[in-house]
Structures are given as C-alpha cells and as structure tokens.
Amino acid sequence: MSNKQLSIDEQLKKYPHVWPKFVITVVAILVIYYLMTITVTFKGINPKGVSIAISAFKGLFSPSMKLITNLTEYGLLYMLFETLAIAFLGTVLGLVFSIPLAFLASRNICPKWVNSIVLTVISIIRAFPSFMLGIMFVKSIGPGAFAGVLSMTVGSIGMLSKLLIEAIEDLNPGITEALDAAGCSTFEKIRYGIIPQLSSNIISIVLYRLDINVKNATILGIVQAGGIGAQLLFAIGARRWSDCGAMLLGIIVMTLLLEWFSTSVRRKLAGTKN
C-alpha cells in the first residue's frame, strides 16, 4: 500500500473524531454571536451625524489657509508638532521602562518567580486604555501636553514590554550559552549577547508603537491632554469646516509621512538581516 493511501486511511480514521470538535466550535460561535447581538444593537443612521461627516469631508477640499500659514501656537503646524512630540516622547520614555521590565519577565533571563511578578505588573498596566490614562493624568496634574506624554508613556509600557518579551525569548540561545560557559555575568550576557541580536527588533517595535501613539495622541486632545484633538473637536462643534478640513488634512499628511519613514526603516533593517 502506498504512502498516499496510508495517509488517506489515517485521515478517514481520524475524521469521525473531528466532527464533535467542529460541531462544538460552530455552536460556540453561534452562541457568542447571539449574545453579542443582545448587547450591540443598530439603531439606525443619524441624519445629523451624516451631514456633519459630509461637511467635514468637504472641508478637506477647502482647507483654511489662514490656519495652515499660522505659525503661532494656534496654527496647524504647531498643533501637529505638539501631537508628534507627545507621541515621540511617550514612546521613548515607554521604551526606557519597558526594556528592564521585558528582561525581568523573560523566562530565559530571570527566575520564574520574578517572571510571574513582572508579568502581573505588565498585565495590570495593559488593562488601562490610553483614553482613561489621559483623563486620570489631566485630573491629577492638569491639562496640557505633559499629561499626554505621561499617558503615552504608561500606555506604551504594556505593549512594548509584551513585544520585547516575545523577541527576547525567541533569540538564539547559543550565544548566551557560550557567554555563560565563559563565566560572563547576567549583565554581560545581556550587553554582548542579547542586545546585538535584539537591536533591529527594538527599532521595528518602537516604530510600530510610535505609529499607534500618533493616532492616540490625536484622540487624547479631546480630554485636554495636548495635541490637535481638542482643537479639531472645537472646530466641528463651531461648524468651522474649513479649519476642520485643514486639521484633518494635516493629520493625514503626518500619518502618511510617518508610515513612509517607518516602511523605509523596516526595509533597511530587513536588508541588514538578509
């Protein structure tokens, strides 16, 4: 009997055992879907909201040149720069705290009891959304860009730590084992064995988080945590569609430039790896 026939026979033998799992999976999906439809209901389209969205979209084609050319703190360039600064500083500060936490939480670096404690701390941090953090810091230290930076920092720690842990645990253990056999300390193994392997992953992860933080910084402006979000909300509320269009256009251009920069860096890193 050929290998192909054997594989078919084996599949036929296993086939009856697949049906119960398939039925259970389908039933579970249907039950979850039914429960979701109970809590999430569609109440129709609000004509007022549609008209606001259309007006904001029209504003993209007639942006306010006065806002674009205004170089003061109330101008578009300043608001975009403040948004980008909040995202950048929050990402960098989050990375500073994430690196030691990631090493402490990695199973191939520290003991299990240390991993468990640090992983619990990281999970607690990740449980808080950036919007809630923004409200907490605004209420604690007052409105402004610094509250936004703190929100971005704490929000970045959870995600960056988790991604760095996965990158550290997937590294080639041969180098660290060789350094361990040579009598190197834990710090020396991290400095000379892990960091060189991890550098490209860190850059890629940071760029990914920076892209997310730029979008979050835009939203955080709504709670007065700096950035362009608050001014965009005020423009929509006052029906200043030309100002709204200029801000939306600026956000789109900033996002595209950041995406182009991130893609270019990732391609260079991929070329370096190859």
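Is S106 buried or exposed in this structure?

1. In this predicted model, S106 has a relative accessible area of 0%, and because a residue under 20% is classed as buried, S106 counts as buried. For orientation along the chain, S106 belongs to the loop that runs between α4 and α5.

2. The surroundings of S106 can be described in two ways, beginning with its polar contact: its side chain reaches the backbone oxygen of A102 at 2.6 Å. Leaving aside residues up to four places away in sequence, S106 also touches N115, I165, I168 and E169.

3. A reader moving on to V121 will find this residue in helix α5, which covers residues 112–126. V121 has a relative accessible area of 38% and is therefore partly exposed, since that class takes in values between the buried limit of 20% and the exposed limit of 50%. With respect to L101, V121 lies 20 residues away in sequence, while the C-alpha atoms of the two residues are 9.1 Å apart in space.

4. The largest pocket deserves a separate look, and the space within it comes to about 280 Å³. Its lining is made up of 15 residues, and those nearest the centre of the pocket are E82, G226, G227, A230 and Q231.

5. As to which helices take part in that lining, α4 (76–105) and α10 (229–237) each contribute at least two residues to the largest pocket. Sorted by class, the residues lining the largest pocket comprise 7 nonpolar, 6 polar and 2 charged ones.

Definitions and conventions: Residues are numbered from 1 along each chain as its sequence is written. This is a predicted model: local features need pLDDT of at least 70, side-chain atom pairs count only at pLDDT 80 or more; totals for chains, interfaces and linings use all residues. Side-chain values use heavy atoms; hydrogens and water are left out. On a 1 Å grid over the protein atoms alone, a cavity is a set of points where a 1.4 Å probe fits but cannot get out, and a pocket is an open set with protein on both sides within 12 Å along at least five of seven lines; lining residues have an atom within 4 Å of a point. Grid points are joined across faces, edges and corners, and a volume is the space filled by probe spheres set on the points. Helices (H or I, at least four residues) and strands (E, at least two) are DSSP runs, numbered from the N terminus. Ala, Val, Leu, Ile, Met, Phe, Trp, Tyr, Cys and Pro count as nonpolar, Asp, Glu, Lys and Arg as charged, and the others, Gly among them, as polar. Buried means under 20% relative accessible area, exposed over 50%, partly exposed in between (1.4 Å probe, protein chains only). A polar contact is a pair of N or O atoms within 3.5 Å; within protein, one must be able to donate a hydrogen and the other to accept it, and residues adjacent in sequence count only if both atoms are side-chain atoms. Contact means heavy atoms within 4.5 Å.
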